[in-house]
Amino acid sequence: MGLLLAAVANAQTIYHDASAFPLLGKATESTLTRYERLPDSLQNISRKPLWDLGRNSAGLAVRFRSNSTSISAKWEVRNNMSMNHMTPTGIKGLDLYCLQDGKWIFAGSGRPQGKINKATIVSNMLPEEREYLLYLSLYDGVTSLSIGVDSLSAITPPADLPKREKPVVFYGTSILQGGCASRPGMAHTNILERWLNRECINLGFSGNALLDLEIADVIAGVDASMFVLDFVPNATVEQMRERADKFYTTIRSKHPDTPVLFVEDPLFTHSPFDTRIAKEVKDKNETLNAFFRSLKQRGEKNIYFLASRDIIGHDGEATVDGIHFTDLGFMRYAEILYPILEKHMRP
């Protein structure tokens, strides 16, 4: 064993293109490049901000298996994005999980240096076969990715995958995209993917969940176990009145029996002080409630409603800026969503 560890210590890192391994989290394979979310057919159809956000890698994850003593990565991002309320690791970093006794355990983060990045994510491990899950950047687009293992080891496709038939599809806003998780694995769609052992598709578009009908077409193109519609923080009252029915009907016409969950606007932690925000949240939630009641009255089945009151707790500590979630907020939101999804999503 001592000779083996000595040999491993002197092993070089060999990089393998991640395109050789399964990628989770895409609604369609018809994208311009591998690590983006919207079909290339929308490039000249969608609003430019929406299209650009669709090129972010939120919710995408690579699965692989290796007996390496270390896992490294080299990756490049499209925009070298930065924001003043979200960590660089969450925006444009990577996040590695390892399967241990049936549970996904955080193993380390790939911390970015800029547009072009190289990082050792975890090292000094025993040379044992392990299953890995590597989450990609939330608020930037990965354009290339290679996974590094030591030269004495192997890297192969995974032995198993989460259930990929009938994924859960989430549509929503900056919060749904992952703002402002400290690292990619803490976005609630990624948390739920691990807990449910079910592929989750993140169609979150920061500031741009405006019920664009071409996105409804993308959603309707997925044979999902459940659709989670979480657009209220972005869509105005007028947009909801004008577009929500058509957006829902576009999905429902192709999936007459698939459960659909509507989510209210969270009760933002600064709304007790900001009267404009408080009124906006109240008006939007009343509009969503009225729409949901209208669906019920016309006989729609398998539709569900999540009220805002418990989404992020009641202590005011779950956001970074009064609106966008911290890891605490995402964990609380995932804990609220988990039993709903587990109960109602299709097998």
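This is a short tour of the structure above, stop by stop, with something to select at each one.

**Before you start**

You're looking at a predicted model, where local features need pLDDT of at least 70, side-chain atom pairs count only at pLDDT 80 or more, and totals for chains, interfaces and linings use all residues. Residues are numbered from 1 along each chain as its sequence is written, and side-chain values use heavy atoms, with hydrogens and water left out.

**Stop 1: the parallel sheet**

Start with β12, β11, β13, β14 and β15, in that order: these 5 strands form an open sheet with parallel pairing. (Strands are DSSP runs of E, at least two residues long, and helices are runs of H or I, at least four residues long, both numbered from the N terminus; two strands pair if DSSP finds at least two bridges between them.) At the edges sit β12 and β15 (303-306), each pairing on one side only. On average, neighbouring strands here are turned by 20° against each other, direction ignored. Those angles are between N-to-C directions, run from 0 to 180 degrees, and use axes that are lines fitted to C-alpha atoms, for helices over the stretch in contact.

Now select residues 163-172, strand β11. How many of its 10 residues are buried? The count is 7, so β11 is mostly covered, where buried means under 20% relative accessible area, exposed over 50% and partly exposed in between, with a 1.4 Å probe and protein chains only.

Add 198-204, which is β12: it runs parallel to β11, and 6 bridges join the two. For one of those pairings, pick Y171, whose bridge partner in β12 is L203. Then add β13 (residues 226-230), which pairs with β11 in the parallel sense over 5 bridges. Here you can pick V168 and find M226 as its bridge partner in β13.

While β12 is still on screen, zoom in on N202, which belongs to that strand. Is N202 buried or exposed? Its relative accessible area is 1%, so N202 is buried. Show its side chain and you'll see it reach the backbone nitrogen of G204 at 2.8 Å. That fits the rule for a polar contact: a pair of N or O atoms within 3.5 Å, where within protein one must be able to donate a hydrogen and the other to accept it, and residues adjacent in sequence count only if both atoms are side-chain atoms.

**Stop 2: the antiparallel sheet**

Next, select β1, β9, β4 and β7: these 4 strands form an open sheet in that order, with antiparallel pairing. Its edge strands are β1 (13-17) and β7 (116-122), each pairing on one side only. Neighbouring strands in this sheet are turned by 25° against each other on average, direction ignored.

Keep just β4 (residues 71-77) and β9 (residues 142-150), which run antiparallel and are joined by 6 bridges. Click on A73 and look across to I147 in β9, which stands opposite.

**Stop 3: the largest pocket**

Select G102, K103, W104, R194 and W195: of the 15 residues lining the largest pocket, these are the closest to its centre. About 300 Å³ of space lies in this pocket. (On a 1 Å grid over the protein atoms alone, a pocket is an open set of points with protein on both sides within 12 Å along at least five of seven lines, a cavity is a set where a 1.4 Å probe fits but cannot get out, and lining residues have an atom within 4 Å of a point.)

Which elements supply at least two residues each to the lining? They are β5 (94-100), β6 (103-110) and α5 (188-196). With 4 residues, α5 gives the most.

**Stop 4: the cavities**

The largest cavity holds about 50 Å³ of space. To see its lining, select L24, R63, W104, L133, P162, E193, R194 and N197.

For the second largest cavity, with about 40 Å³ of space, select T173, I175, D230, P233, V263, E264, P266, I311, F325 and Y333.

**Last stop: P339**

Finish in helix α9 (residues 327-344), where you'll find P339. P339 counts as partly exposed because its relative accessibility is 41%. Draw a line from P339 to T87: they are 252 residues apart in sequence and 29 Å apart in space, C-alpha to C-alpha.

Note on methods
Grid points are joined across faces, edges and corners, and a volume is the space filled by probe spheres set on the points.
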